[in-house]
Amino acid sequence: MAKNYPFIGVVPPGPNAEKIIAQDARYASTSYIKEYPLVAARGLGAMVEDVDGNRYLDMMAGIAVSSTGYAHPTVVAAATEQLNRFSHMCATDFYYPVFAQLCERLAKLAPGPEPKRVFLTNSGTEAVEGAIKLARSHTKRQYIISFHGSFHGRSMGAISLGSSKVKYRRHFGPLMPGVHHLPYDNPYHPTNWRDAAENLFRERVGEDEIAAVIMEPILGEGGYVIPSRDFLDFWRDFCDEHGAVLIFDEVQSGVGRTGQMFASQALGVTPDITLLAKGLGSGLPIGAIVAKESVMSWGHGSHGSTFGGNPVGCAAALATLDLVEGGLMANAAAMGSLLLAGFNELKKKHDIIGDVRGVGLMIGVEFVKDRKTKEPIVHLVHEIELAAFKKGLLLLGCGRSTIRIAPPLVIDAEDVRIALRIFDEVLTELRVPA
Ligand SMILES: Cc1ncc(COP(=O)(O)O)c(C=O)c1O
């Protein structure tokens, strides 16, 4: 059946959108970004409809969140059923079935032979924050290694770990002490990651003082960068040798997006702690710290959360995991291959595409002024987003000059064709700034 999207009936933002935008601009915090003037009214699968009736193909899923697509009937039914029973009980103090079920499910899904335990959160940031506390209390050490270009959320601990944009940190200090930032491995823009690590341990901190190494196994906000196996193995070996905890922040890469349940499985390196959120609840706010049982042994009452592991979020997460395991993960792998092949074709036609990389439905298309110097075209990504938006395709940038492709995992081959066609049109019509 032919798709009823993309459909642009009125140039966005239309009159209804303009009203909402004006209201938001007047009363909402000035800190919100608002990439482009999309005002959502409803969604279905990979389609988003705005308040003026325009329909878009969504290739960004509300920043890699709507994993099962919008309004998936299985997720809606599970969440509604739970909402009708009860929507809160506080799992820190009491019990309920979906909470225990989700903990068991995630503990059994996480890679590695050792048994796992799970702490459920409201968000990715809260998972990161909890993991810092867990690693410190487990090792009785204070130092944490994190990486240039990384993004771990917006709380004080998380911004202290992050290093992707100065605006996330400017004037918020003093930040959390004890963080050492090192270069990430970027195969397209090689770094001196190994030398920098060796220098750190020779000059500034002992290996045996490190509580944790926290990394995104695929850099998200920082540019959809896939590091080498060497880099991942180096830090796995480091943690094994020196008693530190390896934390993979899979808030963006987890829950089927890479074609495997976790990016760690796609990349073949197993962490001690996995952090999840975003896609886990198909849009309902829920996250998780999934840790080896030997690591998650903190004291009774040492950590908790009023809303973390909320029953409706748990029900949505269980339904999401059923769908992801039941076919969406395989679909992500298949559609990811089609998209990668398509973007590589576009690379032959458009010189400004410097690099195409990806695993499953986590694909980065990086733009450069010149393929030799690999210099970014900083404002181009925003122009591409806007031009695509006006043609009914939702995109989102990341890094300095990269478009991230992170659609709902339900997209099909027709969606892939539509996305590639509009992407091609946008690049063909674009006037690249000198
Ligand atoms: C890798 C990673 N970690 C943590 C976070 C923070 O998650 P949240 O916005 O749910 O707090 C994000 C959000 O973009 C993320 O991409």
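In the predicted model, Ile247 touches Ala131, Ala135, Ala212, Val213, Ile214, Pro271, Asp272, Ile273 and Leu275, when residues up to four places away in sequence are not counted. Ile247 belongs to the largest nonpolar core, a set of 132 residues in which Val213, Ile247 and Ile289 touch the most other members. Helix α10, which runs over residues 311-349, supplies the largest share of this core, with 16 residues. Because residues of the core are given both by domain 1 (15-71 + 328-429) and by domain 2 (74-324), the core lies between the two domains.

The division of the chain into these two domains assigns two segments, 15-71 and 328-429, to domain 1 and the single segment 74-324 to domain 2. The C-alpha centres of domain 1 and domain 2 are separated by 25 Å, and the contact between the domains takes 30 residues from domain 1 and 30 residues from domain 2. On the side of domain 1 that touches domain 2, the elements giving two or more residues are α2 (61-64), α10, β11 (353-359), β12 (362-367) and β15 (402-405). Of these elements, α10 provides the largest share of that side, namely 5 residues. By class, the residues on the side of domain 1 that touches domain 2 comprise 14 nonpolar, 10 polar and 6 charged residues. Helix α10 thus appears in two descriptions, as the source of the largest share of the nonpolar core and as the source of the largest share of the side of domain 1 that touches domain 2.

At the level of the whole chain, the secondary structure amounts to 12 helices and 15 strands. The C-alpha trace spans about 60 × 60 × 45 Å along its principal axes, and the radius of gyration of 21 Å agrees with the value near 22 Å that a compact globule of 434 residues would have. Buried residues account for 52% of the 434 residues in the chain. Among the contacts with a separation of 6 or more, 74% are between residues 24 or more positions apart.

The ligand is surrounded by 15 residues, of which Ser123, Gly124, Thr125, Gly153 and Val251 come nearest. Helix α5, covering residues 124-139, contributes the most to this shell, with 3 residues. In terms of class, the shell around the ligand is made up of 5 nonpolar, 7 polar and 3 charged residues.

Two loop residues illustrate opposite local environments, one buried and the other exposed. Val51 is placed in the loop between β2 (47-50) and β3 (55-58), and it counts as buried because it has 20 C-beta neighbours inside 10 Å. With neighbours within four places in sequence left aside, Val51 is in contact with Asn16, Ala17, Ile20, Val39 and Ala41. One of these contacts, that with Asn16, joins residues that are 35 residues apart in sequence, although the C-alpha atoms of Val51 and Asn16 are 5.9 Å apart in space. His171, by contrast, is found in the loop between α6 (156-161) and β6 (179-182), where it counts as exposed because it has 5 C-beta neighbours inside 10 Å. His171 and Thr191 are 20 residues apart in sequence, and the C-alpha to C-alpha distance between them is 28 Å.

Key
Residues are numbered from 1 along each chain as its sequence is written. This is a predicted model: local features need pLDDT of at least 70, side-chain atom pairs count only at pLDDT 80 or more; totals for chains, interfaces and linings use all residues. A residue is near a molecule or strand if its C-beta atom, placed from the backbone, lies within 6 Å of it. Helices (H or I, at least four residues) and strands (E, at least two) are DSSP runs, numbered from the N terminus. Ala, Val, Leu, Ile, Met, Phe, Trp, Tyr, Cys and Pro count as nonpolar, Asp, Glu, Lys and Arg as charged, and the others, Gly among them, as polar. A nonpolar core is a set of buried Ala, Val, Leu, Ile, Met, Phe, Trp, Tyr and Cys residues joined through C-beta atoms within 7 Å. A residue is buried if 20 or more other C-beta atoms lie within 10 Å of its own, exposed if 12 or fewer, and partly exposed in between; C-beta atoms are placed from the backbone. Domain bounds come from an automatic or database domain assignment. Two residues are in contact if their C-beta atoms, placed from the backbone, lie within 7 Å. The radius of gyration is taken over C-alpha atoms; the globule rule is 2.2 Å times the number of residues to the power 0.38.
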